[in-house]
There are 2 protein chains.
Amino acid sequence: VPRPRDAAAARSIRAAAVAILREAGYPGVTIEGVAARAGVAKTTVYRRWRSKAELLFDSTIHPAELGPPPDTGDLHGDLAAVAAMIVADLTRSEARLALPGLLADVAMDPDLHAALRERFIGAERAQLATIVARAAGRGEVPADTDPDLALDLLLGPLLTRALFTGGPETPLTPELGARVAAGAARALAVQSN
Amino acid sequence: VPRPRDAAAARSIRAAAVAILREAGYPGVTIEGVAARAGVAKTTVYRRWRSKAELLFDSTIHPAELGPPPDTGDLHGDLAAVAAMIVADLTRSEARLALPGLLADVAMDPDLHAALRERFIGAERAQLATIVARAAGRGEVPADTDPDLALDLLLGPLLTRALFTGGPETPLTPELGARVAAGAARALAVQSN
């Protein structure tokens with residue numbers, strides 16, 4: 001359990017990272033600059049985030065600690081709530097500022113890629129695993145439903161629209177989130193192994 | 001209609017690009033080096049591909065001219081055939097060599113991103129538009145089904161697995177392609193606007 005002083009420092013550090021991102025863009029953010037602006041030692045930053053990319057993912061898209069997933073009472077409702085969060089996370093102005101730099105860093109650094117996958121994709125997988133297990137308990141999906149498939153069916157179309165296929169006339173929207181969630185719910189409900 | 005000599009030159013250029021990619025990696029590929037190895041002028045390369053990234057996408061993932069889409073007689077069959085091609089395109093060894101560099105280039109260069117989206121995503125969208133229109137003609141999907149949604153439902157989970165969520169224990173496989181195609185077919189069949 002983080003102590004109150006740690007939580008306050010984390011808030012200052014995240015705010016400093018976002019402020020520098022807005023002023024200087026992704027290339028202008030450094031751990032040193034963030035620590036100076038937040039008034040903490042560099043080691044305080046590194047204790048929680050192992051890299052600039054990890055700090056910026058955490059500060060602009062979603063934190064590594066996601067908390068319990070939505071629990072609406074059925075699979076479709078849960079997936080719709082997660083899809084709405086994904087759309088919000090990917091369309092927030094600071095996320096749009098950070099995403100290209102994050103993408104480039106991850107593409108060029110397999111160790112960083114593995115670290116972000118473990119920490120952030122891991123948190124997303126854990127949420128989907130809880131949602132799928134509850135749905136299996138209610139008999140909505142087969143007991144052996146793969147949570148990785150669930151994550152890819154939900155996240156994949158939205159991330160692909162945000163990063164690759166979307167253009168000025170085909171933006172990522174809450175409406176697309178709702179359609180993708182409905183499609184994923186149906187796909188998981190009747191999948192066969 | 002390309003002339004036979006043009007087609008032969010294009011084959012030599014693509015082969016030279018892949019050979020240099022294998023030897024020197026993405027950073028080692030240059031238009032100048034590819035032209036020299038293929039025995040053509042640089043202008044011959046630029047006439048068909050406006051950038052190194054365009055040449056490497058075309059040579060390692062799929063060409064800009066995709067030809068007519070699969071026509072199996074029903075939506076599920078068509079989507080399964082396209083999904084199988086997407087899995088093959090993203091898992092081929094030269095594609096795996098080129099993808100991180102392509103991703104980094106696209107992330108850092110919005111004009112390049114727009115050019116690749118128009119040319120390559122445009123070709124994929126056109127295939128899905130044909131498939132969806134035929135399915136609508138057979139009454140399998142609503143007449144106003146959005147081909148962009150169809151592309152994202154099919155490509156999104158597979159690309160996301162290949163680039164982001166997939167790890168050593170969760171690779172992109174033909175089985176995942178088949179599941180995603182089945183899910184997309186069901187999602188499109190019963191979508192409501």
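The following dialogue explains the terms applied to this predicted model of two chains, A and B.

Colleague: What should be known about the model and its numbering?
Modeller: This is a predicted model, in which local features need pLDDT of at least 70 and side-chain atom pairs count only at pLDDT 80 or more, while totals for chains, interfaces and linings use all residues. Residues are numbered from 1 along each chain as its sequence is written, chains are lettered from A in the order in which they are written, and side-chain values use heavy atoms, without hydrogens and water.

Colleague: What makes residues of chain A and chain B count as in contact, and how many are there?
Modeller: Contact means heavy atoms within 4.5 Å. By that rule, 37 residues of chain A are in contact with 36 residues of chain B.

Colleague: What is the area buried between chain A and chain B?
Modeller: Buried area is the accessible area (1.4 Å probe) that two parts lose on being put together, summed over both. Here the value is about 3100 Å², and carbon and sulfur atoms give 64% of it. On the side of chain A, the residues that lose the most area to chain B are A:Asp152, A:Phe164 and A:Arg179, together 20% of what that side buries.

Colleague: Why is the pair A:Asp152 and B:Arg161 called a salt bridge?
Modeller: A salt bridge requires a side-chain nitrogen of Lys or Arg within 4 Å of a carboxyl oxygen of Asp or Glu. For A:Asp152 and B:Arg161 the N to O distance is 2.4 Å, so the pair satisfies the rule. Across the interface of chain A and chain B, the rule finds 2 salt bridges.

Colleague: Why is the relation between chain A and chain B called a two-fold axis?
Modeller: Copies are superposed by least squares on the C-alpha atoms of residues with pLDDT of at least 70 in both. A rotation of 180° with 0.0 Å of shift along its axis places chain A on chain B, with RMSD 0.0 Å. That is the relation of a two-fold axis.

Colleague: How do you know that the copies meet through the same surface?
Modeller: Of the interface residues of chain A, 97% are also interface residues in chain B, so the copies meet through the same surface.

Colleague: What makes A:Arg119 and A:Glu54 a link between distant parts of the chain?
Modeller: Their side chains meet in a salt bridge at 2.4 Å, N to O. A:Arg119 lies in helix α7 of chain A and A:Glu54 in helix α4 of chain A, 65 residues apart. Helices (H or I, at least four residues) are DSSP runs, numbered from the N terminus. A:Arg50, A:Glu54, A:Glu65 and A:Arg119 are linked in a network of salt bridges.

Colleague: Why is A:Glu54 called buried or exposed, and what of A:Glu65?
Modeller: Buried means under 20% relative accessible area, exposed over 50%, and partly exposed in between (1.4 Å probe, protein chains only). A:Glu54 has 1% relative accessibility and therefore counts as buried, whereas A:Glu65 has 52% and is therefore exposed. A:Glu65 lies in the loop between α4 (52–60) and α5 (75–91) of chain A.

Colleague: How do you know that B:Asp58 and B:Arg14 form a salt bridge, and which parts does the pair tie together?
Modeller: Their side chains meet at 2.5 Å, N to O, so the distance is within 4 Å. B:Asp58 lies in helix α4 (residues 52–60) of chain B and B:Arg14 in helix α1 (residues 4–28) of chain B, so the pair ties together parts 44 residues apart in sequence. B:Asp58, at 4%, is buried, whereas B:Arg14, at 21%, is partly exposed.

Methods:
Helix = DSSP H or I, 4+ residues; strand = E, 2+ residues; numbered from the N terminus.
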